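Hi everyone, thanks for coming. Let me take you on a short walk through a structure that may be new to you.

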Amino acid sequence: MKSVRIYYCSNLFEGNLVPAELADMGMRDDVIIESVPCGGRIDPRYLLKAFECGASGVCVLTCPLGECRLMEGNIRAMHRVELAREYLAEAGVEPDAVEIIVPSERSQEAIKTAIDKIASFVGQESCAAQEVMA
């Protein structure tokens with residue numbers, strides 16, 4: 001069973017080339033990585049559906065603030081992740097099971113830092129899923 005789903009904005013990476021560190025996470029049995037045309041296309045229903053399908057955590061990776069190619073998709077994504085957190089809290093699910101990562105800029109170092117945050121999130125959620133199954 002997959003336990004963490006990661007959505008990332010396809011405009012984030014130059015030439016649409018996913019960094020190896022992120023692609024490697026998708027090779028794990030407990031992680032699903034999916035690109036979206038823009039972080040702003042993320043809908044709270046998609047985030048909640050991931051939980052319905054067995055995810056223990058969902059992470060959204062967007063473009064840096066002020067650098068969205070579609071104006072303010074990353075800002076929309078932040079609002080939608082917050083809305084999903086509210087819905088999860090109402091349902092009695094830990095709202096921090098949904099995370100949004102916004103790199104500080106498009107530099108390789110900033111992207112690496114963002115991917116490190118995702119790896120940390122995946123580690124936390126994988127441990128949480130194992131505790132629930134035990």
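Let's begin with charges. A salt bridge here is a side-chain nitrogen of Lys or Arg within 4 Å of a carboxyl oxygen of Asp or Glu. Before I use that, two notes on where this comes from. What you see is a predicted model, in which local features need pLDDT of at least 70, side-chain atom pairs count only at pLDDT 80 or more, and totals for chains, interfaces and linings use all residues. Residues are numbered from 1 along each chain as its sequence is written, and side-chain values use heavy atoms, with hydrogens and water left out.

So how many salt bridges are there? The count comes to eight. One of them joins Glu 34 and Arg 5, whose closest N and O atoms are 2.9 Å apart. Glu 34 sits in strand 2 (residues 31–36) and Arg 5 in strand 1 (residues 4–9), so this pair ties together parts that are 29 residues apart in sequence. Strands, by the way, are DSSP runs of E with at least two residues, while helices are runs of H or I with at least four, both numbered from the N terminus.

Are these two partners buried or exposed? Buried means under 20% relative accessible area, exposed over 50%, and partly exposed in between, with a 1.4 Å probe and protein chains only. Arg 5 is buried at 18%, and Glu 34 is partly exposed at 34%.

Now look at Arg 45 and Asp 43, another salt bridge, with 3.0 Å between the closest N and O atoms. Arg 45 is exposed, at 60%, whereas Asp 43 counts as buried at 18%.

A third example pairs Arg 85 with Glu 99, at 3.5 Å from N to O. This one links distant parts of the chain: Arg 85 is in helix 3 (residues 73–90) and Glu 99 in strand 4 (residues 98–101), 14 residues apart. Glu 82 comes in too, as salt bridges that share partners join Glu 82, Arg 85 and Glu 99 into one network.

On to the aromatic rings. Rings of Phe, Tyr and Trp (its six-membered ring) pair if their centres lie within 6.5 Å; planes under 30 degrees apart count as stacked, over 60 as edge-to-face and the rest as tilted. That gives one aromatic pair. Tyr 8 and Phe 13 form it, tilted, with 5.5 Å between centres and 50° between planes. Tyr 8 is buried at 9%, and so is Phe 13 at 4%.

What about the cysteines? A disulfide is a pair of cysteine sulfur atoms within 2.5 Å, and the count is zero. Why is Cys 59 not in one? The closest cysteine sulfur, in Cys 9, is 13 Å from that of Cys 59, too far for a bond. Cys 59 is also buried, with a relative accessible area of 0%.

Last stop, the side chains around a pocket. Which residues line the largest pocket? Among them are Leu 12, Phe 13, Glu 14, Arg 106 and Ile 115, so Phe 13 from our aromatic pair turns up again. A pocket, on a 1 Å grid over the protein atoms alone, is an open set of points where a 1.4 Å probe fits, with protein on both sides within 12 Å along at least five of seven lines; lining residues have an atom within 4 Å of a point. Helix 4 (residues 108–133) gives the most to this lining, with four residues.

Thanks for listening!
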